[in-house]
There are 2 protein chains.
Amino acid sequence: MLASFFMNEFDIIKQYFTTDSGRKDVVMGPGDDCALLQVPPQTLLAVSTDTLVSGVHFFADMDPVALGHKALAVNLSDLAAMGADPRWVSLALTLPRVDEAWIKGFCAGFFELAEYYNVALVGGDMTRGPLSITVSVKGTLPEGKGLRRSGAKVGDGIYVTGTLGDAALGLKQALGELSVPEPYREFVRNKLEHPHPRILVGQALRDIASSALDISDGLAGDLNHILAASGVRAQLDLESLPLSEAMTASVTQEQAWQLALNGGDDYELCFTVPGVHRGQLETALSHCGVKFTQIGRIGFGEPGLELLNNGKPYSMPLHGWDHFRGAS
Amino acid sequence: MLASFFMNEFDIIKQYFTTDSGRKDVVMGPGDDCALLQVPPQTLLAVSTDTLVSGVHFFADMDPVALGHKALAVNLSDLAAMGADPRWVSLALTLPRVDEAWIKGFCAGFFELAEYYNVALVGGDMTRGPLSITVSVKGTLPEGKGLRRSGAKVGDGIYVTGTLGDAALGLKQALGELSVPEPYREFVRNKLEHPHPRILVGQALRDIASSALDISDGLAGDLNHILAASGVRAQLDLESLPLSEAMTASVTQEQAWQLALNGGDDYELCFTVPGVHRGQLETALSHCGVKFTQIGRIGFGEPGLELLNNGKPYSMPLHGWDHFRGAS
């Protein structure tokens with residue numbers, strides 16, 4: 001029924017999703033039962049998968065171009081956090097109906113980012129159902145490298161890229177929960193909808209950082225994964241948290257710290273660096289053109305997070321984002 | 001809100017999804033930003049991704065044990081169709097709520113099959129939303145091998161494994177659209193809910209078949225993908241279509257052919273074999289313990305499918321299953 005109003009699945013896939021990336025390591029792209037890929041010798045395959053669900057991870061009416069970008073960006077961010085080189089991506093798209101304009105927009109955002117990092121779409125699936133997007137990125141890493149969560153040691157500095165909490169600020173603005181001054185609204189909305197995976201930073205940190213991850217669920221909760229995996233304790237200097245002008249213009253200092261620690265969707269990297277590598281760090285990251293800030297250090301004691309305000313213990317409620325409970 | 005009634009996402013992942021597969025090629029399993037995997041030299045990586053959506057691909061109240069099995073089985077079936085060796089799998093599970101009994105059941109079905117083929121769960125995602133499951137399997141294939149869709153040549157025989165249409169028969173029984181005699185109901189339900197990926201057959205066909213795919217959307221539509229990719233024409237002998245006792249006991253011959261040609265969810269392999277390899281075929285597949293049947297041959301002419309009934313042209317409506325339109 002209504003068949004004539006729809007393009008069929010194969011037409012759509014052919015028209016919008018069959019692009020030639022030109023990558024020589026794609027022996028077989030979309031269109032057969034499997035993609036066949038050539039993994040270079042002396043490398044490990046790095047794989048990460050993330051799902052974005054309408055109404056949970058994004059508003060149902062989100063601009064499809066931004067959504068296409070974000071769906072790929074949050075996955076590339078996981079490769080960045082491991083220090084891997086992105087190569088290939090699979091896309092499973094579930095759509096309530098065939099809306100060509102929407103698909104065209106989604107593809108524009110998705111492929112713009114894919115081309116920027118020379119990532120080839122090698123396959124996937126398109127199904128009918130409630131809107132959701134599962135992206136599985138694949139990259140490679142020289143053997144013996146890899147920025148794990150478990151390598152932080154006592155004495156290491158704790159660093160983050162960029163500024164924190166801006167995406168959460170953008171979300172609160174969109175929900176009408178607070179008002180961001182007009183000149184900054186575009187900025188925070190962009191931070192929420194258009195994250196930039198820190199691929200170059202991750203690669204540059206391969207021989208420098210002792211641990212790393214990307215901040216997707218809020219610094220406090222995510223840093224705790226490093227602390228638990230490494231069995232170490234951290235001291236955070238609240239006054240060092242990198243905050244944007246938009247943030248300081250919109251909320252109180254305490255609110256800003258809350259958003260920086262508990263807000264989600266930053267997709268900045270958090271990493272630890274031993275003292276001996278601090279000089280290299282400066283040089284390596286200056287080549288990436290990405291701002292980074294030391295926000296604390298790894299210390300002795302039970303795994304856990306201590307907050308300091310100008311050196312004095314400071315207490316604030318901390319909670320990571322949990323998609324089953326919300327930030328409760 | 002209600003936080004205390006729920007286990008959180010990390011607890012669930014830890015409890016049910018962190019199993020040690022014992023695979024030595026998993027350098028880093030779930031729990032970091034990426035999985036890190038070792039791809040052996042002189043092999044290609046084979047990747048396939050499929051999504052199952054509640055209400056589209058399965059009934060919302062489907063037994064979670066069967067669903068866990070099926071979600072992995074339909075993906076492994078793609079590796080089988082390429083002749084690949086399964087190694088790793090990522091699972092993205094979107095659930096409307098945390099139902100531990102359901103998750104436990106799903107895992108039981110999923111891991112039983114994963115263990116059977118020694119496939120390691122290496123990562124994934126768990127999110128809140130309308131029930132859907134995206135599985136991405138990864139395997140390897142010796143360089144230069146791979147059962148593509150594009151290799152069928154004039155003179156090749158066309159074969160299928162098992163019997164066809166039983167899952168579609170099971171679906172019609174479940175929907176009350178026809179009545180399968182009682183002794184066969186369990187069988188057809190099992191064919192619908194518990195497909196067996198033909199992994200061993202795919203591996204055995206590596207040096208024998210000229211093309212292959214798995215039948216997920218009905219033989220006619222799927223075989224057409226081989227014909228289009230290979231640029232060849234096929235003659236199918238309707239009287240050769242392998243039908244189960246359940247099928248012949250339940251419907252007329254014409255209905256049986258309809259179900260065999262147009263029904264979905266078979267997950268049998270369809271493949272072509274050149275004359276010179278027919279002897280090898282017999283030997284190789286007898287080791288797998290899987291029945292196979294020649295159903296036709298590749299001939300001259302425009303790409304397309306001709307139906308013959310005892311050598312005479314026969315006309316029947318043919319349509320592949322399209323998840324956007326239904327079998328319309």
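# Two chains meeting around helix α2

In this predicted model, M82(B) reaches across to M28(A), D32(A), D33(A), C34(A) and L36(A), and it also touches L141(B), G146(B), L147(B) and R148(B), leaving aside neighbours within four places in sequence. Contact here means heavy atoms within 4.5 Å. Local features need pLDDT of at least 70 and side-chain atom pairs count only at pLDDT 80 or more, while totals for chains, interfaces and linings use all residues; side-chain values use heavy atoms, with hydrogens and water left out. Residues are numbered from 1 along each chain as its sequence is written, with chains lettered from A and ligands numbered from 1 in the order in which they are written.

**M82(B)**

- M82(B) sits in helix α2 (residues 64-82) of chain B; helices (H or I, at least four residues) and strands (E, at least two) are DSSP runs, numbered from the N terminus.
- With a relative accessible area of 0%, M82(B) is buried, where buried means under 20% relative accessible area, exposed over 50% and partly exposed in between (1.4 Å probe, protein chains only).
- A46(B) is 36 residues away from M82(B) along the chain, and their C-alpha atoms are separated by 8.1 Å.

**How the copies fit together**

- A turn of 180° and a shift of 0.0 Å along the axis lay chain B on chain A with an RMSD of 0.0 Å, so the two copies are related as by a two-fold rotation axis.
- That superposition is by least squares on the C-alpha atoms of residues with pLDDT of at least 70 in both copies.
- The copies meet through the same surface, because 100% of the interface residues of chain B are also interface residues in chain A.

**Helix α2 in chain A**

- Helix α2 (residues 64-82) of chain A has 19 residues that should span 27 Å at 1.5 Å a residue, and its end C-alpha atoms are 28 Å apart, which agrees; the expected span is 1.5 Å times one less than the number of residues.
- Most of α2(A) is covered, with 18 of its 19 residues buried.
- Right after α2(A) comes G83(A), with a positive phi near 80°.

**Annotated binding-site residues**

- UniProt (unreviewed entry) lists D50(A) and D78(A) for "binding site"; they span 29 residues in sequence, yet no two of their C-alpha atoms are more than 9.3 Å apart, so they gather at one spot.
- A "binding site" annotation in UniProt (unreviewed entry) also covers D33(A), S48(A) and D78(A); these span 46 residues, and the farthest two C-alpha atoms are 26.6 Å apart, so they do not all gather at one spot.
- UniProt positions follow the numbering used here, feature names are shortened, and annotations may be inferred rather than shown by experiment.
- D50(A) is in strand β3 (residues 43-53) of chain A and counts as buried at 18% relative accessibility.
- Beyond four places in sequence, the contacts of D50(A) include D78(A) and, from the other chain, D125(B).
- D78(A), in helix α2 of chain A, is buried at 9%; outside its neighbours within four places, D78(A) touches S48(A), D50(A), D214(A), D33(B) and C34(B).
- S48(A) belongs to strand β3 of chain A and is buried at 6%; leaving aside neighbours within four places, its contacts include D78(A), D33(B) and C34(B).
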